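Please load the model in your viewer, with residue selection and a distance tool at hand. The stops below each name what to select and then describe what is there.

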Amino acid sequence: MSELKPAEIVEELDKYIIGQHNAKRSVAIALRNRWRRRQVDPELRDEIAPKNIILIGPTGVGKTEIARRLARLTDSPFYKVEASKFTEVGYVGRDVESMVRDLLELTINMLKVREQEAVQGKAREMAEERVLDLLLPESGTRHPPGSDLQAQEQDLNTPEIYESEKPAVSSETREKLRRMLRDGKLDHRQVEIDVQDKSSPMVEVFSNTGMEEMGINFKDMLGSLMPRGSSRRRRVTVAEAMEILTQEEAQGLVDMDKVVQDAIEKVEQSGIIFLDELDKITGKEGGQGPDVSREGVQRDMLPIVEGSTVTTKHGPVNTDHILFIASGAFHTSKPSDLIPELQGRFPIRVELDSLGKQDFVRILTEPKNALLLQYIALLRTEGLDVSFADEAIEEISRFAETVNNQTENIGARRLHTLLEHLLEDILFDAPDMDEKKIVIDQDFVDEKLRDVKEDEDLSRYIL
Ligand SMILES: Nc1ncnc2c1ncn2[C@@H]1O[C@H](COP(=O)(O)OP(=O)(O)OP(=O)(O)O)[C@@H](O)[C@H]1O
Ligand SMILES: [Mg+2]
């Protein structure tokens, strides 16, 4: 999955997003360029700056959806954030640099998980030894009668374990026990292990906001003030113990310094930040309220998009080569309302098409996660077998287009409101319905939508 060709990226996106071919093409090229750049000689590589993109299009036509799907297609660190989340440093809200920190955190986690998976085999071996130690304490140490271990030995009913007390046979016993453990025969036995309390719930109350720019993690700081290693003894089954101890060993085996170094490198060389809702931070100068800070946010953004060094608690991260893909509806504002410096840093503009009836028909039926499939699956849990006739789908789509034209054009989101209205009674009555097979045909659609169809004002409220 790591390095798809542009055509393959578009093909993947096609499974979820209808149309919008130009937008798919340009993000696919941008993604592939990340990979290409990494193959270039180091000298030239540093000279190749990413070409940032703005996706422009009316609301509800798939901008955010493209970003979400893209994130799963790439091996590059990918972080999506709403521009409206930021305010100028000093105001309430998150500072703009936090997007780079978040991208790094995300990448560290991703690499950590990957490393842990890589050492899983070794960790499992180590966990196995520890579980065997628990089941078979060091030879020679006797346990007081009635202790847990004795009770366990009895219910297992295997004389070998008693022999563990005699050093001579202990290794043989251990091997026998190991085989039983591997065969899952001990899975339901109980053992006591020490588990680390991950974080004390009290600390969670504090948020990191405001402390970030100093590169301080409040939680870590407090955590280290608190008594460390507050571990608890817990009784768990052998199967659970294997899981817990494997995780613990895996964590111990991963070299976190290296993971962090790799993550910084990866972020700097191939990171992608998707800036959604960029139009929300355009605003005319001299406005009141939130407008005042919007331009400030854009200014704060400049150095990051341009390339600068952001301090994080893991070390400095250079943003020269991070790719930015922005998106926005820009219906009340235009990209030219952005401050000129920022406009210049997004050289590629792609417009998304607004959607019409034929698109809606396809959106309802074709994507892997198509809306109709979702409703069918939901209602199947109640034992209902719902299907949609072709004419019904046509009718829904035609109506969606009409309502979009007559009232507000909210793109494919209209289908969501329409279908909710259409299926409301079935969704409500489903558990008690006698008729288990339901065909949504044109009559059904006409009937349900008649009231909103006849009254344009009503449709404004309901749909
Ligand atoms: N071209 C499309 N193909 C399939 N589904 C789509 C398409 N466009 C929109 N949708 C669906 O419509 C919903 C809204 O789309 P999305 O979130 O991408 O809108 P958007 O373009 O980001 O709008 P906004 O500017 O309001 O953020 C999603 O559930 C998405 O699945
Ligand atoms: Mg969106």
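Begin with strand β6, residues 309–312, in this predicted model. Its side chains alternate along the strand: Val-310 and Thr-312 point to one face and are buried, whereas Thr-309 and Thr-311 point to the other face and are not buried. Now add strand β7, residues 315–318, which pairs with β6 in the antiparallel sense over four bridges. The two strands form a hairpin with two residues between them, and in this pairing Val-310 of β6 stands opposite Val-317 in β7.

Next, select the strands β2, β5, β8, β1 and β9, which in that order form an open sheet of five strands with parallel pairing. At its edges are β2 (78–82) and β9 (348–351), each of which pairs on one side only. From one strand to the next, the twist averages 20 degrees. Within this sheet, zoom in on β1 (residues 53–56) and β8 (residues 323–328), which pair in the parallel sense over four bridges; here Ile-53 stands opposite Ile-325 in β8.

Keep Ile-325 selected, since the next stop includes this residue too. The largest nonpolar core has 74 residues, and those that touch the most other members are Val-27, Leu-104, Ile-273, Phe-324, Ile-325, Ile-396 and Leu-415. Helix α5, residues 98–118, gives the most to this core, with six residues. If you colour by domain, you will find that domain 1 (6–114 + 263–351) and domain 3 (357–462) both give residues to the core, which therefore lies between them.

With the domain colours still on, turn to ligand 1. Which residues are closest to ligand 1? Of the 17 residues that surround it, the closest are Thr-59, Gly-62, Lys-63, Thr-64 and Ala-412. Select helix α4, residues 63–73, as well, because this helix gives the most to the shell around ligand 1, with three residues. By residue class, the shell divides into seven nonpolar, seven polar and three charged residues. Why does ligand 1 lie between two domains? Both domain 1 (6–114 + 263–351) and domain 3 (357–462) give residues to its shell, so ligand 1 lies between them.

Two backbone details come next. Select Gln-20, in the loop between α1 (6–14) and α2 (21–39), and check its backbone torsions: this residue has a positive phi of about 55 degrees although it is not a glycine. Is Gln-20 buried or exposed? Gln-20 has 24 other C-beta atoms within 10 Å, and it counts as buried because the cut-off for that class is 20 or more.

Then move to Glu-277, in the loop between β5 (272–276) and α14 (291–306). Glu-277 is likewise not a glycine and has a positive phi of about 55 degrees. With 17 other C-beta atoms within 10 Å, Glu-277 is partly exposed.

Finish at Arg-232, which has its place in strand β4, residues 231–237. Because Arg-232 has 9 C-beta neighbours inside 10 Å, it counts as exposed. As a last step, draw a distance from the C-alpha atom of Arg-232 to that of Asp-194: the two residues are 38 residues apart along the chain, and their C-alpha atoms are separated by 5.4 Å.

Note on methods
Residues numbered from 1 in each chain as written. Chains lettered and ligands numbered in written order. Predicted model: local features only at pLDDT ≥ 70, side-chain atom pairs only at ≥ 80, totals over all residues. Pairing = 2+ DSSP bridges. Axes fitted to C-alpha atoms, helices over the stretch in contact; angles between N-to-C directions. Near = placed C-beta within 6 Å. Nonpolar A, V, L, I, M, F, W, Y, C, P; charged D, E, K, R; others polar. Domains from an automatic or database assignment. Core = buried A, V, L, I, M, F, W, Y, C linked by C-beta atoms within 7 Å. Buried ≥ 20, exposed ≤ 12 C-beta atoms within 10 Å, placed from the backbone.
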